[in-house]
Amino acid sequence: MTVIEFPTSDKATGDDLRDQVREAARRAREASAELAQATRAAKDALLQDMADELVKRAPEILEANERDVAAARESGMTEALIDRLILSTGRVEAMADGLRTVAGLPDPVGEVLRGQVLPNGVQLRQVRVPLGVVGIVYEGRPNVTVDAAGLTLKSGNAVLLRGSSSAESSNTALVWILRDVVARHGLPMDAVQLLPCHDRASVHHLITARGLVDVVIPRGGAGLISAVVDQSTVPAIETGVGNCHVYVDSSADLDMALRILLNSKARRPSVCNSAETFLVHADIAEEFVPRAIAELSEAGVTVHGDEQVVAVGGPNVVPATDEDWGTEYLSLDIAAAVVESLPAAVEHIREHGSGHTEAIVTSDFGASQRFTAQVDAAAVMVNASTAFTDGGEFGMGAEIGISTQKLHSRGPMGLPELTSTKWLAFGDGHVRPGSAPAKPGS
């Protein structure tokens, strides 16, 4: 794993960058106070107009994206990363559809989670409130720009977006459009801001702006996530890497298993919910492994197999190394191993999994129950593709990220996960009984 060190301010180009980031955070804090009071109708209308404007101005978005893609290819960026960077008319429309879906979701702000009347008559309520200012640090995926803006605005938060330099033109075009719409709706433009992306010190200044930024969420590779979580003085939500597994149990319908495995791996290999390892029960390995390797090879996937997979898989298998089991390929590669039992599969996942998404294919209800109970992950699939771990697929419209930690949220993070709570107490002159304060001079 690459370790990223974000330069501290004394290593940066100067105090100007630090001041620029902190000033943006101050403006965002002011904007968040106003946005927190916005009605659901106002926020929904804003998101609907944002969606329409993205589609209307798609040509300028795609023109900006073409500049980013050309520069990425010239720099030698891998095709897996370029796939994340590329926008198309369809992807722009998908971003717009995500905004429309979020607009149609219930507003979490003001939701009463619990409440009671105390014996003394004081009425208590615990309600959802916006987090405030949310910082997002992410790599070359321009769709994150729109997803993050839509979710944070709907949940009453301001957002500071720190994308990568590889997507600078795309992100600039998108944020310019979003801010135009925010201003037209009479809301503060600084509710959506794009931070400088050419100096890593800007990340340091964002994640250490404690008191100005309420939470920071990193999205990207293991090095980026680890660096933000380790170095942040602002509370951070860890969105982990996706070393996802598909385990094919002895009772599995093999045709179903092939469909699920291919969809989990080859549908879009560059995303975090893509399967990176498949495990096969020994009882069906001789029948299933050759079929799986043939199907995967036809889809362009290279299989990195253990000795048993190599033995039955033939020349299309590359011998796996110890590093393969913990690798998030994000490419048309997958590791494969034969296991003796379901407990052995669970143990392999415990040792090498990232806590993102794990899947079992089985016809045995008891096996599915044991797997879901024993596997510790944000999402566990039974007879379904790992590709379903996604905010849109879970009915959230979009997601701010997929959290692999256990506090403050876990799994795809939608609108409720971008809120905190406050307690409201309503009394009628109530005072708490107790000892009277001592009088001066007594």
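1. Are Lys154 and Asp44 buried or exposed? Both are buried. This is a predicted model, and the points below concern its salt bridges and its parallel sheet.

2. Lys154 and Asp44 form a salt bridge through their side chains, at 2.8 Å from N to O. The two residues are 110 apart and link distant parts of the chain. Lys154 belongs to helix H6 (residues 142–154). Asp44 belongs to helix H2 (residues 40–56).

3. Helix H2 also supplies Glu53, whose partner Arg184 lies in helix H7 (residues 168–184), so this pair ties together parts that are 131 residues apart in sequence. The side chains of Arg184 and Glu53 meet at 3.5 Å, N to O, in a salt bridge. What is the exposure of each partner? Arg184 is exposed, at 54% relative accessible area. Glu53 is buried, at 10%.

4. A local pair sits in helix H1 (residues 15–35). Glu23 and Arg26 both lie there, 3 residues apart, about one turn of the helix. Their side chains form a salt bridge at 3.2 Å, N to O. Glu23 is partly exposed, with a relative accessible area of 34%. Arg26 is partly exposed too, at 36%.

5. Which residues are joined with Glu23 and Arg26 into one network? They are Arg27, Arg179 and Asp190, and the salt bridges that join them share partners. In total, the structure holds 24 salt bridges. As background, side chains of opposite charge can pair when their charged atoms come close.

6. Now the sheet. It is open and has 7 strands, with parallel pairing. The order is E10-E9-E11-E8-E7-E12-E13. Strand E10 (317–319) and strand E13 (379–382) stand at the edges. Each has a single partner strand, so one side of each is left without a neighbour in the sheet. From one strand to the next, the twist averages 25°.

7. One pairing can be checked by residue. Strand E7 (residues 244–248) pairs with strand E12 (residues 357–361) in the parallel sense, over 4 bridges. His245 has Glu358 as its bridge partner in E12.

8. Which helix lies across E8? Helix H11 (residues 285–298) does, running at about 155° to that strand. Helix H11 also lies across E7, E9, E10 and E11. For orientation, E8 spans 275–281, E9 spans 302–305 and E11 spans 333–339.

Terms used:
Residues numbered from 1 in each chain as written. Predicted model: local features only at pLDDT ≥ 70, side-chain atom pairs only at ≥ 80, totals over all residues. Heavy atoms only, no water. Salt bridge = Lys/Arg side-chain N within 4 Å of Asp/Glu carboxyl O. Buried < 20%, exposed > 50% of the residue type's maximum accessible area, 1.4 Å probe, protein only. Pairing = 2+ DSSP bridges. Axes fitted to C-alpha atoms, helices over the stretch in contact; angles between N-to-C directions. Contact = heavy atoms within 4.5 Å.
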